[in-house]
Amino acid sequence: MIKIPKRLQSYEVYIPGKPLEEAQRELGVERVTKLASNENPIGTSPLALQAIRKWMDRVRLYPDSGSYYLSQKLSARLGVDAENILVGPGSAVIAKWIARALLEEDDRVITSDKTFLIYKIAVQEIPAELLKVPARDYGYDLEGILSKVDSRTRIIFIANPNNPTGTHIEEGEFRAFMERVPDDVLVVYDEAYREYVESPAHPKGEKLLRDFPNLVVLRTFSKIYGLAGMRVGYALFGQREVKEAVWKVVPPFPVSLLAQKAAEAALDDLEFVKRSHEVNLKGKEYLYRELERLGLRYIPTQANFVFVIPPGDAREVVRGLFQRGIIVRHTRAFDAPEGFRVTVGTEEENKAFVKTLEEVLAH
Ligand SMILES: Cc1ncc(COP(=O)(O)O)c(C=O)c1O
């Protein structure tokens with residue numbers, strides 16, 4: 001019998017949904033609409049797909065380990081030195097690497113409750129202490145977070161917009177917060193949904209880096225570029241030494257050649273990004289209207305999903321939707337058992353969701 005370390009017993013694991021085809025087979029429904037993982041409903045950047053086809057024949061070779069060309073392109077685009085950029089197989093993995101490299105046992109990490117659960121998963125490995133400050137109006141309570149910073153605090157994780165609630169911190173508030181964070185505390189600023197933000201007052205990570213070297217910005221190609229299945233994201237580091245420290249825990253060749261090439265091409269696909277943004281905007285306005293018509297509480301969002309608080313047991317509503325072929329995410333694992341998160345889909349998907357939700361609630 002292989003001995004499994006005891007510490008793993010208390011580990012929380014990320015539980016993704018079932019494969020789509022499996023859910024379809026199990027339910028025996030003709031069509032399954034997946035609105036559970038905040039993927040791009042209109043597809044993938046056509047330029048990225050073209051690049052994948054173009055580079056397919058090269059996969060016998062190892063990719064460049066440091067994603068050289070992609071880092072160069074990001075550097076030119078964002079005005080951040082390529083040496084301060086780290087590309088990885090998704091930003092969630094980079095969050096784990098940051099924790100693995102920089103934390104020691106019993107260090108303190110602070111975030112909010114009702115936020116992205118990967119932060120907890122990243123920290124438990126060390127194991128460091130994770131302090132979750134209660135959310136205020138479903139968003140980050142920055143004042144509350146500051147009040148918990150102590151000499152053991154090493155990292156603060158902040159998602160802006162927040163997942164699963166879609167709430168947003170504006171630039172003035174975020175800068176005021178950063179001014180007060182001690183400069184030996186690293187703030188991991190997760191902008192996975194940045195491209196969906198409507199607010200003109202969004203604090204742009206690459207600009208903040210100039211003023212706050214204790215910042216790391218996380219971005220991803222999984223959302224608006226429609227490349228979740230390729231696994232590619234990146235981090236921008238305010239301090240090169242911190243990037244170099246994190247690089248030490250990165251396994252060799254972390255990002256596949258096709259992922260690198262797809263991401264490079266996607267960066268040029270401004271038209272696809274614009275279209276995706278517009279579809280999302282129209283979709284979320286439709287969802288707001290319909291949720292209001294149904295008398296349901298929801299949180300206005302700056303991302304590509306909406307957090308809904310139905311009357312009664314949210315898990316039952318999510319189950320009812322699932323049985324009728326609509327998959328949304330119950331947010332119990334995000335400390336928000338009272339609600340669920342629905343990804344803004346295509347017009348047709350949104351309509352199917354609303355129609356089915358109405359049926360479930362009437363049941
Ligand atoms: C806030 C947030 N950060 C990061 C990610 C992870 O994205 P990636 O696919 O780049 O790992 C997600 C994915 O849902 C997210 O919601």
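**Two domains, a helix pair and a ligand shell**

The domain assignment divides the protein chain into domain 1 (6-43 + 270-362) and domain 2 (46-267). The model is predicted. Domain 1 is thus listed as two stretches of the chain, and domain 2 as one. Taken over C-alpha atoms, the centres of domain 1 and domain 2 lie 24 Å apart. Domain 1 gives 27 residues to the contact, and domain 2 also gives 27 residues.

On the side of domain 1 that touches domain 2, two or more residues come from each of α11 (270-293) and β10 (305-309). The largest share is that of α11, with 5 residues. By class, this side of domain 1 holds 12 nonpolar, 10 polar and 5 charged residues.

Helix packing was examined next. Helix α2 (residues 46-55) meets helix α10 (residues 257-267). Their axes come within 8 Å. The crossing angle is roughly 145°, and the crossing of α2 and α10 is right-handed. On the α2 side, the contact is made by Leu47, Ala48, Gln50, Ala51, Ile52 and Trp55. On the α10 side, Leu257, Leu258, Lys261, Ala262, Glu264, Ala265 and Ala266 take part. The contact of α2 with α10 has 10 nonpolar residues, with 1 polar and 2 charged. Lys261 and Glu264 in α10 are the charged pair, and Gln50 in α2 is the polar residue.

The ligand has its own set of neighbours. It is surrounded by 13 residues. The closest are Gly90, Ala92, Thr220, Ser222 and Gly233. By class, the shell around the ligand contains 7 polar, 5 nonpolar and 1 charged residue.

Definitions and conventions. Residues numbered from 1 in each chain as written. Predicted model: local features only at pLDDT ≥ 70, side-chain atom pairs only at ≥ 80, totals over all residues. Axes fitted to C-alpha atoms, helices over the stretch in contact; angles between N-to-C directions. Helix = DSSP H or I, 4+ residues; strand = E, 2+ residues; numbered from the N terminus. Left-handed = near helix turned anticlockwise from the far one by under 90°. Contact = placed C-beta atoms within 7 Å. Near = placed C-beta within 6 Å. Domains from an automatic or database assignment.
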